[in-house]
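Visitor: I am new to this structure and would like a close look at one part of it. Please take me slowly through the salt bridges, and then on to other features of the chain.

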Amino acid sequence: SNTGGNIWVFEVDDDRQVSVLTNTLVLPNYRGKDKDVPSGLAVSPDGRHLYVAGNLGNKLYEFDLASGAVSRSWKVGVAPFDVAWAAGKVFVSNQGGRRPGKDDVKAVSGKGGSVRVDPVRYIASEGSVSIVDLASGLVRAELLTGLHATALAVSPNHRYVVVANAGSDTLSVIDTRI
């Protein structure tokens with residue numbers, strides 16, 4: 001993925017030689033002008049879909065890998081960073097936490113978005129993880145974590161997702177049965 005809003009696709013042959021394919025996946029425009037910036041990526045277990053965090057647009061995109069087109073998208077928290085697939089759900093870490101409400105102290109995030117901020121330190125006041133249930137197609141929950149939620153890891157049995165909270169120097173453990 002790159003800041004130009006593209007995801008390059010590579011092929012690995014039987015001899016483990018890598019070559020660039022001519023097709024790339026392109027994220028939609030953010031606020032009608034610039035391409036959204038892809039961040040975290042996760043492939044579905046069946047290899048048919050790629051889930052991509054759109055960092056500027058605060059969205060999760062589902063690409064159909066056969067066609068290269070966006071098949072679905074969901075609104076998630078502010079500045080989504082990483083994506084993990086577990087137990088029929090997609091987990092998205094949001095560096096800036098939940099989207100701010102009208103009475104929240106906020107600041108500019110990215111190219112025109114906004115983020116909840118601490119009124120004293122004027123930094124993002126929370127982090128979160130959005131949980132998208134793929135069967136229903138709905139955002140099932142948004143859980144608060146520590147500050148600056150970033151990297152995600154899935155336990156081998158897919159029972160837990162762990163998020164690194166870079167601004168809090170902590171980890172949050174999420175039970176995937178939620």
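Guide: A salt bridge here is a side-chain nitrogen of Lys or Arg within 4 Å of a carboxyl oxygen of Asp or Glu. By that rule R98, D104, R116 and E126 are linked in a network of salt bridges, and the structure as a whole holds eight salt bridges. Please keep in mind that this is a predicted model, in which local features need pLDDT of at least 70 and side-chain atom pairs count only at pLDDT 80 or more, while totals for chains, interfaces and linings use all residues. Residues are numbered from 1 along each chain as its sequence is written, and side-chain values use heavy atoms, with hydrogens and water left out.

Beyond the network, consider R72, which forms a salt bridge with E62, their closest N and O atoms being 2.9 Å apart. R72 belongs to strand 8 (residues 69–75) and E62 to strand 7 (residues 59–64), so this pair ties together parts that are 10 residues apart in sequence; strands (E, at least two residues) are DSSP runs, numbered from the N terminus. The two partners can also be set side by side by their accessibility: R72 is partly exposed, with a relative accessible area of 30%, whereas E62, at 3%, counts as buried. In these terms buried means under 20% relative accessible area, exposed over 50%, and partly exposed in between, with a 1.4 Å probe and protein chains only.

Another salt bridge joins the side chains of D118 and R121, at 3.8 Å from N to O, and R121 counts as exposed at 51% relative accessibility. D175 and R159 form a further salt bridge, with their closest N and O atoms 3.6 Å apart. This last pair links distant parts of the chain, 16 residues apart, since D175 is in strand 17 (residues 170–175) and R159 is in the loop between strand 15 (149–154) and strand 16 (160–165). D175 is partly exposed, at 25% relative accessible area, and R159 is likewise partly exposed, at 28%.

The salt bridge of D175 leads on to the sheet around strand 17. Three strands form an open sheet in the order 15-16-17, with antiparallel pairing, where two strands pair if DSSP finds at least two bridges between them. Strand 15 and strand 17 stand at the edges, each with a single partner strand, so one side of each is left without a neighbour in the sheet. Strand 16 and strand 17 are joined by six bridges and run antiparallel, and V162 stands opposite V173 in strand 17. On strand 15 we find T150, which counts as buried at 10% relative accessibility. Leaving aside neighbours within four places in sequence, T150 is in contact (heavy atoms within 4.5 Å) with several residues, among them F81, S93, Q95 and V163.

For a nonpolar counterpart to these charged pairs, look towards the start of the chain, where W8, F10, V12, V18 and V20 form a nonpolar patch on the surface with about 530 Å² of accessible area together. Such a patch is made of residues with over 30% relative accessible area and no salt bridge, nonpolar side chains (Val, Leu, Ile, Met, Phe, Trp, Tyr) being joined within 5 Å and like charges within 9 Å, with areas from the Shrake-Rupley method and a 1.4 Å probe, only the protein chains shown counting as cover for residues. Strand 1 (6–12) and strand 2 (18–26) each supply at least two residues of the patch, and strand 1 gives the most, with three. V18, in strand 2, counts as exposed at 57% relative accessibility.

Conventions:
Helices (H or I, at least four residues) and strands (E, at least two) are DSSP runs, numbered from the N terminus.
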